[in-house]
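Let's take a walk through this structure together, from its open and enclosed spaces to a helix and a single residue. Keep the 3D view at hand as you read.

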Amino acid sequence: MSDQNKRANAADRDLLATLGAGLFTNGVWDMLSVIVPLYAVAVGLNPAEIGLIVAARSVLPALLSIHGGILMDQLGTRRVLLWVAAACTALPMFYPLSGWFTVLILLQLLLGLASALGMAASQTWAMQVSEGNTALLARYSVATRVGTFIGPVVVGATWDLFGAWAAFTTVALCGAGVIVATAMSTNAAPELPAETHTQGIKMLLPSWPLHKEALLLALIPSVAFILCASFLRNASGAIQSSLFVVYLNGIGMSGTLIGALVATAELSGVAGSLLAAPAERRLGAVRLVVVCIVASLLCMAATPLIAHMLVVLIAACVLRGIVQGMSQPLMYAILSNEVASNRHGASVGLRNAVVRLGSIITPAVMGVAAELYGIGNSFYVIGGVFLLVTAGLAVGARKLR
């Protein structure tokens, strides 16, 4: 076999490894999105407590995503991915041991950080392997959607059939899948920098100068737009991960059906990812992202109106999945092309910090709104607020190409 063929085969294997990592890391996140609210309901927690528990998993990612991205740039993306994958394999098994609010908050903090950094590492790895190629990033996006489709269905059905222990075991197995996928890569992990051996644990601690460099990326107009759009795009996902599940469970839907609805939205994202490039040629990237955000928020805010009409609810899930999947590869491609390759980890960390901030704010505020106005009305309140903010983003982004 010629050297050229060997390099091509190695590149294909590396790409396949990133697809596997994307599939399993996103699978872990979405499986937890279904099983944690159901478990919280089963142990008797109220909507406000459930909102806080769901929000808790995004607290440490919001604080440490930038630092995690910096570590990926310094220590190697695959090495960091293996570390957090080990945590994603072990931590889910502690959930069924306790139904206490405080313990669940602690577990959400730890596993939230590990699973969020796992997704960020797989995203960064895909950007590095694809070198900003939108078509290759679309394949990665498709793989993540497959993971988020299979995960909720499996964990919802496991919950209904076998209970909490079996359901959380499936999450742990998905974490183990990340380890297997990462090991498939043909490239050895890069040597640790020399300063790692001298600084030891200090290198793992956050550094303000490096954080400042990462934060300055937000001064790039296109990056600033992506950060704002990511916050708003994540809003419907944060609602889906919290009171969407609780509301549907409250009107009598089973865990299997709820998982299937979540999975339908995620699977529809496959079509959206494949349609991203042709749609971009017609509307332009900025306008397309704004349209996707508006459509996603409208579909989610209408949940109380359409929840008793299963066909319409499924259609809304499909539409929301398409527009969510359509915007994802565009965001990755913009970051990959606007930011130097040795800062990809920092840029992904910055974006994920904004996304996780939204995952804290949205469920917590919506939980309070549910207590004040009722869980159904909270969909209208939160949806209306975020649509107004999206309108402001559209006005501010008119000059972006």
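**Spaces, a bent helix and a threonine**

A good place to begin is the second largest cavity, whose lining has seven nonpolar residues, three polar ones and no charged ones. Please keep in mind that you are looking at a predicted model. The volume of this second largest cavity is about 40 Å³. Its walls are made by T25, V28, L81, V84, A85, C88, A114, S115, G118 and V178. The elements that give two or more residues to that lining are α1, α4 and α5, and α4 gives the most, with four residues.

Now turn to the enclosed spaces as a group. In total, the structure holds three cavities of 30 Å³ or more. The largest cavity has a volume of about 510 Å³. Around the largest cavity stand 32 lining residues, and W29, D30, R233, N234 and G237 are the ones that lie nearest its centre. Several helices take part here: α1 (3–42), α5, α6 (134–162), α10 (221–240), α12 (255–283), α15 (310–338) and α16 each give two or more residues to the lining. What is the chemical make-up of the residues that line the largest cavity? They divide into 16 polar, eight nonpolar and eight charged.

Next, look for an open space. The largest pocket holds about 330 Å³. Of the 15 residues that line the largest pocket, L71, W83, V84, L113 and L117 lie nearest its centre. Two or more lining residues come from each of α3, α4 (77–90) and α5 (101–130), and the largest share, five residues, comes from α3. By class, the lining of this pocket has 13 nonpolar and two polar residues, and no charged residues. V84 is worth a second glance, for V84 is among the residues nearest the centre of the largest pocket and also lines the second largest cavity.

Let's follow α3 itself. Does the distance between its ends agree with or differ from the span that its number of residues suggests? Helix α3 covers residues 59–75, and at 1.5 Å a residue its 17 residues should span 24 Å; the end C-alpha atoms are 24 Å apart, so the two agree. Along the way, α3 has a kink of about 50°, centred on S65. S65 is also one of the buried residues of α3, which are P61, A62, S65, I66, H67, G68, G69, I70, L71, M72 and L75. In that list you will recognise L71, one of the residues nearest the centre of the largest pocket. Just after α3 comes G76, with a positive phi of about 105°.

Our last stop is T362, which sits in helix α16 (residues 344–373). Is T362 buried or exposed? T362 counts as buried because its relative accessibility is 2%, and the cut-off for buried is under 20%. Which residues does T362 touch beyond its neighbours within four places in sequence? Its contacts there are A235, A238, I239, I382 and F386. You can also compare T362 with L232: the two are 130 residues apart in sequence, and their C-alpha atoms are 10.0 Å apart in space.

Methods
Residues are numbered from 1 along each chain as its sequence is written. This is a predicted model: local features need pLDDT of at least 70, side-chain atom pairs count only at pLDDT 80 or more; totals for chains, interfaces and linings use all residues. Side-chain values use heavy atoms; hydrogens and water are left out. Buried means under 20% relative accessible area, exposed over 50%, partly exposed in between (1.4 Å probe, protein chains only). Contact means heavy atoms within 4.5 Å. The expected span of a helix is 1.5 Å times one less than its number of residues. The bend at a residue is the angle between axes fitted to the seven residues ending there and the seven starting there. On a 1 Å grid over the protein atoms alone, a cavity is a set of points where a 1.4 Å probe fits but cannot get out, and a pocket is an open set with protein on both sides within 12 Å along at least five of seven lines; lining residues have an atom within 4 Å of a point. Grid points are joined across faces, edges and corners, and a volume is the space filled by probe spheres set on the points. Ala, Val, Leu, Ile, Met, Phe, Trp, Tyr, Cys and Pro count as nonpolar, Asp, Glu, Lys and Arg as charged, and the others, Gly among them, as polar.
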